[in-house]
Each structure stands twice: as structure tokens, then as C-alpha cells.
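This report describes one protein chain, starting with its sheets and ending with its unusual backbone angles. Please keep the structure in view while reading.

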Amino acid sequence: MTKQEKQQLSEIDICDLLITPAIKTAGWNQLTQIRREVTLAPGPVVVRGNMSSRNKKKKKFADYVLLQEAGVPIAIVEAKDNNHTVSHGMQQALGYADILDLPCAFSSNGDAFASHNKVPGPGEDIECEFALDAFPSPDEIWNRYKKHRRITDSQEELVLEPYHLDAYGKEPRYYQSEAINRVIEGVAKGDRRLLLVMATGTGKTYTVFQIIWRLWKARRAKRTLFLVDRNVLADQTLVNDFKPFGSVMTKIKNRKIDPSYEVYLGLYQALTGPDEEDKIFKSVSPDFFDLIIIDECHRGSAAEDSAWREILDYFSEAIQIGLTATPKETKYASNITYFGEAVYTYKLKQGIEDGFLAPYKVVRYHLDKDLIGWTPEPGMTDDLGKDIEYRTYNQVDMDRILVLNQRTKLVAKCVMKLLNATDPFSKTIIFCEDIDHAERMRVAIVNAAGKVALDNPKYVMRITGDSVEGKAELDNFIDPESKFPVIATTSELLTTGVDAKTCKLIVLDKTIKSMTTFKQIVGRGTRIEEEYGKFFFTVMDFKNATELFKDPDFDGDPVVIYEPDSWDDPVPPDPDPDSAKVNEDPVEYGSTKIHVCGVEVNILSKTVEYLGDDGQMVTESYSDYSRKNIRKEYASLDEFINKWNTTKKKEAIVKELEEYGIELAKLAEEVGREYGDFDLICHIAYGAPPLTRRERADNVKKRNYFTKYGERARAVLDALLDKYADEGVLTIESPKVLKLTPFDRIGTPVEIINDVFGGKANYETALQELESQLFNQQLSA
């Protein structure tokens, strides 16, 4: 094949005809070892106002991932067409190799391969080029991988133990595979304590399942204990991720460990307690379990004086794996000291940047009595006639010491105002100071919701530790298919572990000083559920808890911070131990708190901020975001108009902008649906006054440029103008447009193209001339 012939080929042709055959010739199995067009990460969700779309420009997409076995990637190959140099794709390949921690990256344009080797031998170059027929064999690259990851020959068998293959085609995401492989490699090397740090919503339980499965199949873990601290977590795990274990799996109950099983799910509370007879884990020998995995290991299990630590000490010879979203290192507890540094970490920020986790907006309210404070009149009594201590009460006191009824009503009103402006049936969690506060908030939401709460008694439920009725509704709340309850008020129960996938609103009316608690609460909303239209979530803050977003220890930045005044739209415009920790014991009305009705509470201030590309907070709307990124692609209005006029199919430009997360239909919602794509872009990006589609179509009709065509051709072009005015340029460019009314009255598509215009080329020329007439007026008069 000549160089000229190669340069006519597309990138896919280069892959099919040159790169794939070269890799196969080197000994790679096309079915099991060569994966083509692999999406490593879909790209982050862009949020502005109440709009969201994916920024596909930041999508991580590898042309080739080469595997030793399924789930064990060992090299990346990036392809380019032959109009690029051999090494043009190397930087991209190295980026993907870096996130997968691989030693080998390759680039090719079909002429040769460029190679980057992170473990060169004596005298070898790190980067070099070689002929297509000299691509390394699987054994050669596997040996580089083993050297890079410090895997010995004796450890290889366990490292390559197969993954569980899902019947429905579910595969681990790239970071899940890396987490699983890091743990398996650690066990193969003899490590007995390992720590995995993965942000909430990243699939920790599925990751754990694959770890257990591979160690179980390899007979390195004949009996496994998975420790959790919530019943609902154990039950979810049994019927979901761990289901393939089937009959060898059981949940420990009735304070008895049945030795006839191999995989055990247990609650800390079911295995131990304050008295010796409660410690049922001692009913089996210390070598009974080969593997123990501790979920949410930040929550005290690593503390020296914790009752849970007894379990770890008793089964000290077992492999112990800690699982957490929030590594903890304080004078009270340290899972890093106990387990060692994490073998793998996947943070919230990375999950958002990759597009696996939902970004968030912050609506921050400053209430006058919280910030300025409230001082009772001397000698004033509360609602029960008790004297109120004469001092100034502020945010720290609200709903912990002082209860202002009007404040609770105001919070409920703000919550319902936001829901009514977006979706009254968005799943919502309201975090309160304690159970008493959660119950009062439930009542306030019922009253603020009005008819929807009247029609549906379970629209809002208090789900706290003392409420049998509330806890009974927990499964319905987290079930995406269940409409009710919509709103859950709580204090502690829903802070962790509950998989509320479709939660779109988190309300903080709770004082939070602990970064661990804050991360766990934010984690309730981080899951993306495309099937249910959940791409982002909102945090509504009444206690200034979201200041913790600014803490360096928090790694996920908010998309927008919005602080509305009482008269503002509630929808955001374009985008040490916890000092407040309370137990779940019911609080009697008036027993420990001062209740005061009739004190007016108001909203004070408003600011709007978005996270910019440089990590700094900026003021930016969806229009601002679009303007900035359109100008990245087309620096000036003239450059854009030239591109528009020389592009045969305008859909190519629309799709190019969609790669940035710019959806013109959403811009039309802001500017006006009567404007076409051309005018939207010119107006938003360059400030050009827009013409409506109808105005452009009418202007063309006034110029009578149709006169050179016959009567039937003029009828077709006139109908195309009307279609443009009604629907836009993409409709008239579609080959299906001629099947629609009124074209079907003129003839079939074939008849129109051949008989009316004299062939496809003539029809396309007439269409392009029509578009030229439409867009030769760039600005309105």
C-alpha cells in the first residue's frame, strides 16, 4: 500500500487493515486479549442552572486496551490516521496508561509503532519506533508488567485468577479493576492487612464481591466474613452484588454462626456486645475465617478500645481488608495505622471528573437569627412558661438548645419552593440535629407541601432509629421504582451506607464539623442514574456546613454555590469528633430545649458561584459556559461564519459543540425557542443580534431567488423554508425530510430528487444554495 493510499484511509481503516493485523501477528488473541474502542470514562457532567449534559471532550476513550487475561490490562495502543506522525497519539496513550498504572504505551499511524517502556532494560531507550511486524508478544509485555508491579513468578497464578463473568455483560470499571487487582496482588505478596479508599457511589460492594470471588475460587479464602454495620446493607448485598455466591452464602442471625457456609455477611452488633455471652464470634476457632472485609472501617472499627476491634484481634491470622470512603487518622482512631497506607484510592473529585459520579450544586441560605443572633427580652419565658436564659442565641444553638418555630417553617418553605420549581417528587433527605428536630421538620414539610402531602400521607416520612413506621419505609425510599416516600427527615440513620440512588436533594439543617460525617452525607447524592434522569444533585445548606467543601481534606469541588434572598428564585441560576453529634434517643418536647413561637426569621444574603476550569470559583451561567467553549473552537465571529458556510452538513458543528457539553436546545430555552442554531451561536458567543428562523425564511422568500427553478422545484424549496422556520436546519438537511408532509403531496423522495431536480447532486446543490440564502444575513437589521 502506497503512502498516498494510506493517507486516504480513515483512522478505523488504519486500525482494521494495519494495526490490528500487526498485533495479532505478534501472538495476541483477538477475542480475549485485544479490546477495541474502550470507554474508560464517559466524561464529566456539566451543570449550569437546572441543566446538565456531558462534556465529551474530556471522555477517556482508548483505541486499544491489551489484556493478559480478562480484567488485567497490560498495555495501551492509540491509533491515528496516516496524516499524523507515528508518535502523534503517544501523549494520549500515556495518559491512559498512567490511570491504569501500566508500563507500556504505544502509538501508530499505520506506518510503524512508537513505544514507551517504563521498565527499560540495560541499554534500552524509554521511547523508540519499530516496524509494524515487530510488535512485542503478550509474554514480553506481561513480563514488563510484572516487573513494573513487582510481581514474582510464584505470585502470578493468583494475580491471574479469573474474574466472575456476569451473564448480563457487566464488567468492572477501570478503577474497580485497578482496586481489585491491587488487593489480589497484595495478598499474593503476603500482605495481611489492606486498605481500599473509594468514594461513596463508586461501587465498593461490587469491587468487594470480585475480590472475594477470586480469592475464594483460588482457595486462598475458603471462608469469608463481610462485616457491615447496618442491616439494610447486609440485605442489599445478599440480593444484589453477592447473589452469584448462591447457596454457599448466609447472613449471620439468631446469634449463631453456622459452619456449613463459606461466605458470611454479618453485622458488628450481631457478632459482639458488652457482655461475654454476646461475643458469638468466639463460638468458632480463631482460624475459622481466612478473609475478613470490614465495610465503612472509618467508623470506629480500627479504634484500640472499640468492641469491633475484638473481632479483628480474635481472627488476627485472617487476611483483613478495610473498606472506606473517608480514611480516618485522629488521636481516637486510625484505620491507616491499622491497615497501612491504602493500596488504591479513588476520590470523589476523580469520580466527578471521570463522569461516574454526579456533580453537585450548593444552595446556601443565611438566616438572620442564625447570623445576627436572637436575644430574648429580660424575663421572657418559653412556650411552656419556663424562664429563658438571657443571652444571645445564634446558629450553634438553633434546634439544639433553642427552637424557633418560624425558623423550622421557613426552612420547610424553602425546601418546598425549590422542589415545586424543579420536581416535587425528587427524592430528598433532610438532615436534622436530632430526632425531635426531624419530627418537627416532618410536620413543617407536610404543612408547606399542602395538597401533595394531603393526597399522599407518605410524601414525607421521618426515618430515624426510634421510628418503626419510618424504618419500615426505608426500602421504599431507596427504591427508584417506588414513588413514596419522596422526602425523608432524619438525623443520623441515613448518613451512611443507604443506597439512595435517585436522591436529588440533600438538605443540611444540621451542624456538622466532622469531615468524615460530611463526606458520608454528601455521598448520599453522588450516584448517577441516567435511567431516572439523575445526573447531578443539589445540597441546600442552612447551617453553613458546606464551608467544609473549601477544606483541603475535601476533594470534590461544588459546581455552584447559591445564596438566595427570601424573594429570589430557589433554583440556583446558571451553575476532631463531630461537635454536633447526637444519639438517636427520642427527645421529649420541652425537656431539654427552649421552644419559642412568634419570633420572625428571615433570609439575609445571596451570592452565586461556579467552579471554573482552573479550580477557582467564578460567576458563570450556562450561557457563559457555552460562550467560553464556543470561542475555544472558533475564536471570532468571522471564523465561525466561515466554518458554518463551508460545512456541508451543519450537524457536524452541532455535534462538535456537544462534545463540550453544549446543547443548543438548552440554550434555546434561555434565549428563545424561535431562534435557530446559527443565531443562537452567533448571539451567545459573539453578541450578534439574532434573527428568528421565521424571519430568516421570510427574508429569503422576499428576495425571489426561486425564479430560476421550475414550479415543482420552487414548491419543494418553499416547503423546505417552512420546515426550517418550524424546526431548524438539521431537519431540512435530513434525508428523511422528503418523506414528510407537504413533500409527500409533490412526490416520493426518489421522484423529487430525480424528476424534479435531475439527480441527487443537483438536489444537494439546491439545498446548499438555500442555506446560503438563509444565512447570508449574519446580523439582524
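Two strands count as paired if DSSP finds at least two bridges between them. By that rule strands S7 and S8 are a pair, joined in the antiparallel sense over five bridges. The model is a predicted one.

## The chain as a whole

The protein chain has 781 residues, and buried residues make up 56% of them. Its secondary structure comes to 30 helices and 26 strands. About 33800 Å² of the protein chain is exposed, and carbon and sulfur atoms supply 48% of that area.

## The mixed sheet

An open sheet is built from six strands in the order S1-S4-S5-S6-S7-S8, with mixed pairing. Its edge strands are S1 (34-41) and S8 (127-131), each of which pairs on one side only. From one strand to the next, the twist averages 35°. Helix H4 (residues 138-149) packs on this sheet and touches S4 (60-69), S5, S6 and S7 (112-117). The direction of H4 makes about 115° with that of S5.

The pairing can be followed strand by strand. S5 (residues 72-79) and S6 (residues 104-108) run parallel and are joined by five bridges. In this pair, Glu78 stands opposite Ser107 of S6. S6 is also joined to S7 by five bridges, but here the strands run antiparallel. Ser107 stands opposite Ala114 in S7. S6 and S7 form a hairpin with three residues between them, and Gly110 in the turn has a positive phi of about 95°. In the pair of S7 and S8, the bridge partner of His116 is Glu127 in S8.

## How enclosed is strand S7?

How many of the six residues of S7 are buried? Six of the six are, so S7 is largely enclosed by the rest of the structure. A residue is called buried when its relative accessible area is under 20%. Both faces of S7 are covered. On one side the buried residues are Ala112, Ala114 and His116, and on the other they are Phe113, Ser115 and Asn117.

## The parallel sheet

Another open sheet holds seven strands in the order S11-S12-S10-S13-S14-S9-S15, and its pairing is parallel. S11 (249-251) and S15 (344-346) are the edge strands, each pairing on one side only. The twist here averages 15° from one strand to the next. Helix H6 (residues 174-188) lies across S9 (193-198), S14 (319-324) and S15, and runs at about 170° to S9.

Strand S10 (residues 224-228) is mostly covered, with five of its five residues buried. Thr224, Phe226 and Val228 are buried on one side, and Leu225 and Leu227 are buried on the other. S10 pairs with S12 (residues 263-267) in the parallel sense over five bridges. It pairs with S13 (residues 291-294) in the parallel sense over four bridges. Leu225 takes part in both pairings: its bridge partner in S12 is Tyr264, and its bridge partner in S13 is Ile292.

## A nonpolar surface patch

Leu371, Ile372 and Leu604 form a nonpolar patch on the surface. Together these residues have about 280 Å² of accessible area. Leu371 lies in helix H13 (residues 368-371). Is Leu371 buried or partly exposed? Its relative accessibility is 46%, so it counts as partly exposed.

## Unusual backbone angles

Most residues other than glycine have a negative phi, and most peptide bonds are trans. Some places in this model depart from that pattern.

Glu37, in strand S1, has a positive phi near 50°. The relative accessible area of Glu37 is 43%, so this residue is partly exposed. Arg255 has a positive phi of about 50° although it is not a glycine, and it lies in the loop between S11 and S12. With 39% relative accessibility, Arg255 counts as partly exposed.

The peptide bond from Phe484 to Pro485 is cis, with omega near -5°. Pro485 is located in the loop between helix H18 (474-478) and strand S20 (487-490). Thr741 and Pro742 are also joined by a cis peptide bond, with omega about 10°. Pro742 lies in the loop between helix H27 (729-733) and helix H28 (743-746).

Terms used
Residues are numbered from 1 along each chain as its sequence is written. This is a predicted model: local features need pLDDT of at least 70, side-chain atom pairs count only at pLDDT 80 or more; totals for chains, interfaces and linings use all residues. Side-chain values use heavy atoms; hydrogens and water are left out. Helices (H or I, at least four residues) and strands (E, at least two) are DSSP runs, numbered from the N terminus. Axes are lines fitted to C-alpha atoms, for helices over the stretch in contact, and angles run from 0 to 180 degrees between N-to-C directions. Contact means heavy atoms within 4.5 Å. Patches are made of residues with over 30% relative accessible area and no salt bridge: like charges are joined within 9 Å, nonpolar side chains (Val, Leu, Ile, Met, Phe, Trp, Tyr) within 5 Å. Accessible areas come from the Shrake-Rupley method with a 1.4 Å probe; for residues, only the protein chains shown count as cover. A salt bridge is a side-chain nitrogen of Lys or Arg within 4 Å of a carboxyl oxygen of Asp or Glu. Buried means under 20% relative accessible area, exposed over 50%, partly exposed in between (1.4 Å probe, protein chains only).
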